[in-house]
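Trainee: I would like to get to know this structure step by step. Could you walk me through it?

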Amino acid sequence: MDTTSLTGKELAAALNADTKQRAAALTERGSAPRLVLVVANDDPASGWYVGSLRRAADRLGIACDTVDLGADATADAIRAELTKLSGDPAVDAVMLQTPLPAGVALDDVSSAIAAAKDVDGVSPLSLGLLAAGLPTFPPATAEAVVELAKHHEIPLAGRHVAVVGRSNVVGKPLAQLLLAENATVTVCHSRTVDLPSVTSAADIVVAAVGRAGLITGEHVREGAVVIDVGTNEGPDGGIVGDVDAAPVRGRAGALSPVPGGVGPVTTALLMRHVVRAAESGRAE
Ligand code: NAP
């Protein structure tokens, strides 16, 4: 079967062009939109991600600062920094990087990020607003899956979507976004019995687990759409997804690549959220 590649580069470029224009307009009217990344780890993957966000912000005319609290920061210190940034009128957007220091739970500290600046939708308040169908910033990765599907004209209404993974970062918010698109959603996780039988009943399978090669040909029915959110280190040091691409490509009607699928759209949506936060903050 011919499998369409659901690349994200074209959509990311279109989103970025719009963001760049809006950032320039904000800069002309006063100051550049400002994002602050709060880091409390010395994890190399997090360091790489922070670097890529800073470069993306720079390309789009968004000011981006990093506050490094150190890998042994306490929950109190992280909460205090997030509270300070949330109240700082010169800061439009705040992102807390993971992993957090041992013993610090994300929910515990993320509630200190004001919803209006929570551009990656991580706080319990943002997630609750999303679940209630109220305006908020959805987690960018979850939103990227929906936007990638729409960009490639994959209908969601009435479709059965199996989401594999139920984290607060991807799986759960994605289920909410898909429900809002009138999809019928099944959420799978590590305790799901007979995963292949559940996913192969779906029109669309989204893999958001963090295990290279978990989704194989038997998980996918002929002609289904497969969206791969996973980012795992491959055998040669590059990034690979959760989908074993070779066998799935032979069965699926469409498959998103890793890298180059959900990833670039996620970054573009994050930057769009920063500009939106700045636009609404300054309109107040
Ligand atoms: P996470 O918090 O570790 O959650 C993983 C989820 O997968 C959990 O719900 C877990 O189930 C489930 N799971 C684990 N093993 C499973 C199995 N054998 N069968 C079915 N489900 C299983 O990970 P995450 O933060 O959601 O991230 C998921 C992946 O997305 C990672 O590869 C991450 O790097 C990637 N990611 C990519 C982007 C991007 O921009 N492209 C952004 C964020 C994350 P339980 O709940 O039962 O433990």
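Mentor: Gladly! A polar contact is a pair of N or O atoms within 3.5 Å; within protein, one must be able to donate a hydrogen and the other to accept it, and residues adjacent in sequence count only if both atoms are side-chain atoms. Please keep in mind that this is a predicted model, where local features need pLDDT of at least 70 and side-chain atom pairs count only at pLDDT 80 or more, while totals for chains, interfaces and linings use all residues. Residues are numbered from 1 along each chain as its sequence is written, and side-chain values use heavy atoms, with hydrogens and water left out.

Trainee: How far is an oxygen atom of the ligand from an N or O atom in the side chain of Ser167?

Mentor: Ser190 and Thr231 help to set the scene: a polar side-chain atom of Ser190 lies 2.6 Å from a ligand oxygen atom, and the value for Thr231 is 2.6 Å too. For the side chain of Ser167, the distance from an N or O atom to an oxygen atom of the ligand is 2.5 Å.

Trainee: What percentage of the ligand's accessible area does the protein cover?

Mentor: Accessible areas come from the Shrake-Rupley method with a 1.4 Å probe; for residues, only the protein chains shown count as cover. On its own, the ligand has 930 Å² of accessible area. The part of this that the protein covers is 70%.

Trainee: Which strands stand at the edges of the open sheet?

Mentor: Strands here are DSSP runs of E with at least two residues, and helices are runs of H or I with at least four, numbered from the N terminus. Two strands pair if DSSP finds at least two bridges between them. The open sheet has 6 strands with parallel pairing, in the order 1-11-8-7-5-6. Each edge strand has a single partner, so one side of it is left without a neighbour in the sheet: these are strand 1 (4-5) and strand 6.

Trainee: In strand 11, which residue is the bridge partner of Val225?

Mentor: Strand 8 (residues 225-228) pairs with strand 11 in the parallel sense, over 2 bridges. In strand 11, the partner of Val225 is Ala254.

Trainee: Where is Pro259?

Mentor: The peptide bond from Val258 to Pro259 is cis, with omega near -5°. Pro259 belongs to the loop between strand 11 (254-255) and helix 10 (262-283).
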